Amino acid sequence: MFEHFGLKDVLIALWKYIRYLIILLVLAAVVVLALRFTRSDAEAGPQDTRPDIFSSSVYYSVSATEDDSRYTIGESGNTLGTSRYLASIYMNMINTDYCRDYIFNQVMEQYSKEEFLEKSGLLKKKPELTADHVSLKSLTTIFHTSLITDSSVINMFAETYDKDLSMVIVQAASDYLEKVLATQLEPAKITKMSQVNQVLKITEEEQKLLDSKGAAAASQNQTVSTTPSLKKQAVILGILTVALYCIVVFFIALFRPTMNRKSDFEAYGFPVIGELGKYKK
């Protein structure tokens with residue numbers, strides 16, 4: 001049997017059972033379509049799981065009220081003029097605990113400590129935090145001030161996971177600047193220039209830090225990132241189906257041989273009078 005087995009026998013068997021291959025491919029297509037309609041969007045492919053950060057920024061211009069733009073400090077009479085110097089004074093005052101305590105109290109009137117932890121993003125960065133840890137120092141990582149280089153413009157901004165919370169923090173800081181500091185530090189004119197609200201994304205380094213603190217989040221991200229696409233799954237399933245079909249047919253042709261050539265008849269002692277070739281137009 002084996003000495004008469006060759007490629008021609010395999011090719012004839014593949015064509016003989018081709019209808020079974022078609023049936024298997026149809027079943028594979030049905031499986032792929034079923035996966036498409038049943039799996040969730042998270043399984044469809046890699047997604048960016050980084051949460052949105054809501055940033056609220058407000059800009060204030062600080063200028064001296066006198067024409068010569070001079071501001072005298074101390075008994076020595078040193079004149080350290082310019083509006084930029086006045087702006088730096090205001091910014092330093094905003095960074096004091098007095099201002100942060102004012103902001104913190106305003107925020108706590110609208111949010112509980114638990115809500116503040118969740119919406120600020122502090123809980124995601126440090127899951128071990130509790131409501132007892134919430135204080136005015138909690139504003140350190142979400143509220144910032146800066147003095148725009150070579151100008152007298154103060155920028156105050158807050159970045160949290162909640163748009164309303166960011167705006168509340170910035171509004172409280174603005175109230176402190178306009179209602180408290182403006183009446184204490186003369187002579188200066190404070191003018192609100194603009195307020196900008198925008199949506200940001202945390203950096204990849206911050207995302208890695210968050211993932212390292214939550215094994216479940218890291219495992220989920222890894223699973224999503226390694227799930228093959230639907231098209232790739234269809235190609236892989238189709239290749240496996242054809243390969244399985246070829247292997248099965250190979251063994252069928254090997255162990256259940258058929259008469260496929262003139263020598264096969266002669267091997268079993270059947271006389272061959274002639275052989276008809278394939279008809280071609």
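**Notebook: S56, helix α5 and a nonpolar patch**

I began with S56, whose side chain makes a polar contact with the side chain of Q195 at 3.5 Å; I count as a polar contact a pair of N or O atoms within 3.5 Å where, within protein, one must be able to donate a hydrogen and the other to accept it, and where residues adjacent in sequence count only if both atoms are side-chain atoms. The model is predicted, so local features need pLDDT of at least 70 and side-chain atom pairs count only at pLDDT 80 or more, while totals for chains, interfaces and linings use all residues. Residues are numbered from 1 along each chain as its sequence is written, and side-chain values use heavy atoms, with hydrogens and water left out.

I then found a polar contact from the side chain of S56 to the side chain of N197, at 2.8 Å. S56 lies in strand β1, residues 52–63 (helices, H or I, at least four residues, and strands, E, at least two, are DSSP runs numbered from the N terminus).

Is S56 buried or exposed? I noted it as buried, with a relative accessible area of 1% (buried is under 20%, exposed over 50%, partly exposed in between, with a 1.4 Å probe and protein chains only). Leaving out residues up to four places away in sequence, S56 touches M156, F157, A158, S166, M167, V170, Q195, V196 and N197, where contact means heavy atoms within 4.5 Å.

Next I looked at helix α5, residues 113–120, and recorded F116, L117 and S120 as buried. Seen down the axis of α5, these buried residues fall within an arc of 100 degrees, so they line one face of the helix; the arc is that of the directions from the helix axis to the C-beta atoms. Their cover includes α4 (97–108), α6 (122–125), β5 (153–160) and α7 (163–184). After α5 comes G121, with a positive phi near 95 degrees.

On the surface I looked up a nonpolar patch of about 370 Å², made by Y20, I23, L24 and L27. Such patches are made of residues with over 30% relative accessible area and no salt bridge (a side-chain nitrogen of Lys or Arg within 4 Å of a carboxyl oxygen of Asp or Glu), nonpolar side chains (Val, Leu, Ile, Met, Phe, Trp, Tyr) being joined within 5 Å and like charges within 9 Å. L27 is found in helix α2, residues 18–38, and is partly exposed at 49% relative accessible area.

Last, I noted that the protein chain has 11 helices and 6 strands, and that 31% of its 281 residues count as buried.

Technical notes. Accessible areas come from the Shrake-Rupley method with a 1.4 Å probe; for residues, only the protein chains shown count as cover.
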